[in-house]
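Reader: Hey, I'm new to this one and just opened it. Can you walk me through it?

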Amino acid sequence: MSFLKIASAHKAYKTPEGGLIHALDDVSLDVRNNEFLTLLGPSGCGKTTLLKCIAGFEDIDSGEISFEEQSLKGVPAHRRPFNTVFQSYALFPHLSIANNVGYGLDVTGVAKGERNKRVEEALELVGLAGFGSREPKQLSGGQQQRVALARSLVLKPRVLLLDEPLSALDRKMRENMQIELKNLQHSVGITFVFVTHDQEEALAMSDRIAVVANGKVQQLAAPTEIYDEPANEFVANFVGTSNIFSGKVVAKDGALLTIETANQRQVLATSDRFGRGDHVELVLRPEHLKLAPSGNGIPESCIDGTVEASVFVGSDLHLHVDVGKGRTAIVHHRHNRGDDGERIEAGTSVKLYYSPNAAHLIKAIGR
Amino acid sequence: MTSSDTILKRKRRSLILLLAPFTVMLSVFFLVPLGIMMVYSFLEPGLYGGVEWNWYPYNYGRIIGWPLNDYEEFEPIYLKIFLNSLQIAIMTVIGTFVICYPAAFWVSRMQGAKKNLALFMITLPFFANLLVRIYAWLLLLRPTGFFNTVLQSAGLIIEPLDLLFTNFSVIIGMVYILTPFMFLPIYANVEKLDYSMVRASQDLGANPLQTFRRVILPLTAPGIIGGSVIVFIPALGNFIVPSFLGGSKVQMTGNLIERSFLQSRDWPFGAALALLIMASVVVLVVFQLSRQAKAEARGVS
Ligand SMILES: Nc1ncnc2c1ncn2[C@@H]1O[C@H](COP(=O)(O)OP(=O)(O)OP(=O)(O)O)[C@@H](O)[C@H]1O
Ligand SMILES: [Mg+2]
């Protein structure tokens with residue numbers, strides 16, 4: 001039985017000028033029970049809209065949203081077994097923390113004793129035991145965020161929808177909350193649909209990621225698959241940094257392909273999905289590009305280039321390498337600063353190489 | 001002796017300077033007359049107007065119905081009029097609230113030019129003379145007026161209804177002139193109501209009625225209270241509306257005050273009446289504000 005299913009959902013908004021914005025353009029998504037699913041995409045791509053449609057604050061124009069095989073069409077928000085943690089938290093300013101958390105129990109008529117017990121448990125779960133009598137404005141942003149979480153979790157929803165709940169926190173706090181949220185999801189066993197535009201957050205927390213752009217799901221897969229095998233150029237660029245070279249397969253030897261790139265250079269890649277004559281895009285992650293040692297022992301397939309800029313970011317050196325025809329490759333070089341030979345400055349000539357297994361090929365569009 | 005001290009001092013001095021005109025105006029035009037009224041209310045009225053400088057607490061005695069001497073009877077007529085005024089003022093508050101609350105939501109949802117037009121329409125009545133506007137209601141409500149004519153020709157009634165010179169007609173007139181005063185504070189509050197609160201409430205399982213009672217109403221309460229106070233006060237003391245639409249049948253304390261000052265020239269009695277109204281308003285407002293402060297401290301549940 002399918003759990004939460006979104007089938008070819010469309011949603012368009014009218015602009016004041018009379019045009020249409022397709023916030024959701026044929027979105028299909030199968031959310032599994034108990035998973036941590038992340039909707040990842042740039043600003044304005046329709047993430048919030050999708051969440052609103054699931055929660056019941058907006059209706060989709062066409063398509064269907066169903067929960068355990070039951071269509072949710074016409075079911076108002078307050079009758080859906082989902083809860084939302086809003087981006088702005090939306091805590092009730094006129095209620096104490098305990099009454100905020102107890103709100104959902106109060107309106108559904110849970111008995112006083114049970115209600116108080118559950119409120120206490122929920123506050124404890126998010127590490128705010130003893131804060132019940134405070135007011136929302138007396139809490140820090142991170143604490144408010146936890147109250148919003150407790151307020152939803154106390155109702156034991158089937159699905160918890162979270163709209164960029166961590167975006168208002170500072171980096172340190174956010175990293176802590178990421179781990180806490182993930183652990184929490186694991187221990188309460190509730191399905192989380194989590195919205196973010198932060199790819200690191202998505203990779204760190206999710207069981208599966210749906211990359212969304214222009215109202216469409218670009219790829220739905222586990223984080224490692226999204227990172228290692230992006231389905232298209234958008235995903236490759238949006239999740240992590242990618243060096244993308246277009247080219248044509250000119251030779252095939254088993255799974256090993258030889259690809260001729262635009263600047264007549266021959267590079268290698270392994271793939272069993274493409275054959276001679278296919279136009280492909282070669283995706284190389286910056287950490288897979290290595291600097292070839294000078295002198296002897298140079299690998300046979302390597303790319304020459306000149307360092308344009310070298311940026312120190314702590315453990316790594318980020319190199320921008322001009323590889324000819326105005327193309328720049330980005331290399332993340334794990335350096336050893338104790339070693340004298342490691343000084344790499346702009347203008348240095350380098351040779352780059354990579355293992356053909358690390359290269360990922362995607363089909364070139366429009367050919 | 002630190003520089004922050006002198007900055008504070010300088011700030012305080014400029015604050016005093018800035019507030020000076022207001023303070024002067026308040027004392028000259030409000031506190032001084034109030035003091036005069038207070039003194040007058042304890043003086044004996046002169047036979048032909050004016051006052052005799054004798055201690056005379058019977059102005060208040062008359063109002064609460066205390067007999068002056070053995071020949072006079074206990075007569076709570078002024079108290080009755082006061083209670084009726086109170087009733088009319090409360091009904092006016094309720095009437096304006098019922099009109100303005102939904103209207104405020106309606107207007108706050110409008111866009112751009114439409115919204116400005118609606119707000120302009122609400123303040124439009126201010127542009128016409130008050131007496132003219134009240135007189136119009138006289139024409140509408142009288143036995144041969146608009147409402148009775150329409151109802152009669154529709155065959156709904158045979159005899160014209162007694163609409164005029166009743167509490168009802170006075171309340172209608174009051175509601176009509178005081179509606180903008182209720183609307184603006186409520187609108188200011190409704191306009192800044194965070195709609196995500198409503199969504200959160202729905203999301204947590206509250207039906208529309210619960211959402212209204214537990215979220216929308218408490219969050220817009222400051223506007224409702226503000227509007228109620230500034231409608232209640234002028235309604236309680238008003239004398240123009242009852243003298244037009246109440247005739248001789250409906251008296252309000254405002255009429256009594258007007259009459260004792262202008263017609264019977266009994267200034268001490270008028271002063272006593274006016275102070276009594278003021279005192280009751282102050283008591284009500286202080287009571288309400290302290291309740292509100294307590295509720296806020298508690299965090300209403
Ligand atoms: N009520 C609305 N009326 C008109 N257009 C809207 C409305 N809500 C959203 N849109 C448009 O729909 C598109 C998707 O909006 P949505 O809020 O879903 O984006 P998002 O992915 O959540 O972005 P962000 O990361 O910035 O929150 C945007 O182009 C937005 O301008
Ligand atoms: Mg959003």
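Author: Sure. Keep in mind that this is a predicted model. A handy way in is chain B: an unreviewed UniProt entry lists "transmembrane region" at residues 15-43, 81-105, 117-138, 168-190, 223-247 and 267-289 of chain B.

Reader: Okay, take residues 81-105 of chain B. How much of that span is helix, and how far apart are the ends?

Author: That span is 100% helix and 0% strand, and its end C-alpha atoms lie 36 Å apart.

Reader: And what about residues 223-247 of chain B?

Author: There the helix share is 88%, with 0% strand. The end C-alpha atoms of residues 223-247 of chain B lie 34 Å apart.

Reader: Which domain does UniProt put on chain B?

Author: The unreviewed entry has "domain: ABC transmembrane type-1" at residues 82-290 of chain B. In the model that span is 78% helix and 0% strand, and 25 Å separate its end C-alpha atoms.

Reader: Switching to chain A. What does UniProt say there?

Author: Residues 4-239 of chain A carry the annotation "domain: ABC transporter", again from an unreviewed entry. Strand does turn up in this stretch: residues 4-239 of chain A are 36% helix and 27% strand.

Reader: How is chain A divided up?

Author: Into domain 1 (4-238) and domain 2 (243-363). Taken over C-alpha atoms, the centres of domain 1 and domain 2 of chain A are 39 Å apart.

Reader: So how many residues does each domain of chain A put into the contact?

Author: Domain 1 of chain A gives 10 residues and domain 2 of chain A gives 7. Together the two domains of chain A bury about 710 Å², with 53% of that on carbon and sulfur atoms.

Reader: Which residues supply most on the domain 1 side of chain A?

Author: A:Tyr227, A:Glu233 and A:Ala236 supply 61% of the area that domain 1 of chain A buries against domain 2, more than any other three residues.

Reader: How many salt bridges or polar contacts go across there?

Author: The count is 0 salt bridges between domain 1 and domain 2 of chain A, but 4 residue pairs are in polar contact. On the domain 1 side, helix H7 (223-228) and helix H8 (233-238) of chain A are the elements that give two or more residues. By class, that side has 5 nonpolar, 2 polar and 3 charged residues.

Reader: Now the two chains. How much area do chain A and chain B bury between them?

Author: About 2,000 Å², of which 60% is on carbon and sulfur atoms. The contact takes 25 residues from chain A and 23 from chain B.

Reader: Which residues of chain A lose the most area to chain B?

Author: Those are A:His78, A:His94 and A:Tyr103, together 31% of what the chain A side buries.

Reader: And which elements of chain A touch chain B?

Author: Helix H1 (47-55), strand E6 (82-85) and helix H2 (97-107) of chain A each give two or more residues. H2(A) gives the most, with 5 residues. The chain A side has 13 nonpolar, 8 polar and 4 charged residues.

Reader: What holds across that interface in the way of salt bridges and polar contacts?

Author: Between chain A and chain B there are 0 salt bridges and 5 residue pairs in polar contact.

Reader: Then how many salt bridges does the structure hold over all chains?

Author: It holds 17 over all chains. One of them pairs A:Arg208 with A:Glu35, with the closest N and O atoms 2.8 Å apart.

Reader: Which parts of chain A does that pair tie together?

Author: A:Arg208 lies in strand E9 (residues 208-213) of chain A, while A:Glu35 is in the loop between strand E2 (20-31) and strand E3 (36-40), so the pair ties together parts that are 173 residues apart in sequence.

Definitions and conventions: Residues numbered from 1 in each chain as written. Chains lettered and ligands numbered in written order. Predicted model: local features only at pLDDT ≥ 70, side-chain atom pairs only at ≥ 80, totals over all residues. Heavy atoms only, no water. Domains from an automatic or database assignment. Contact = heavy atoms within 4.5 Å. Buried area = accessible area lost by both parts, 1.4 Å probe. Salt bridge = Lys/Arg side-chain N within 4 Å of Asp/Glu carboxyl O. Polar contact = N/O pair within 3.5 Å; in protein donor to acceptor, adjacent residues only side chain to side chain. Helix = DSSP H or I, 4+ residues; strand = E, 2+ residues; numbered from the N terminus. Nonpolar A, V, L, I, M, F, W, Y, C, P; charged D, E, K, R; others polar. UniProt positions renumbered as here; feature names shortened; annotations may be inferred.
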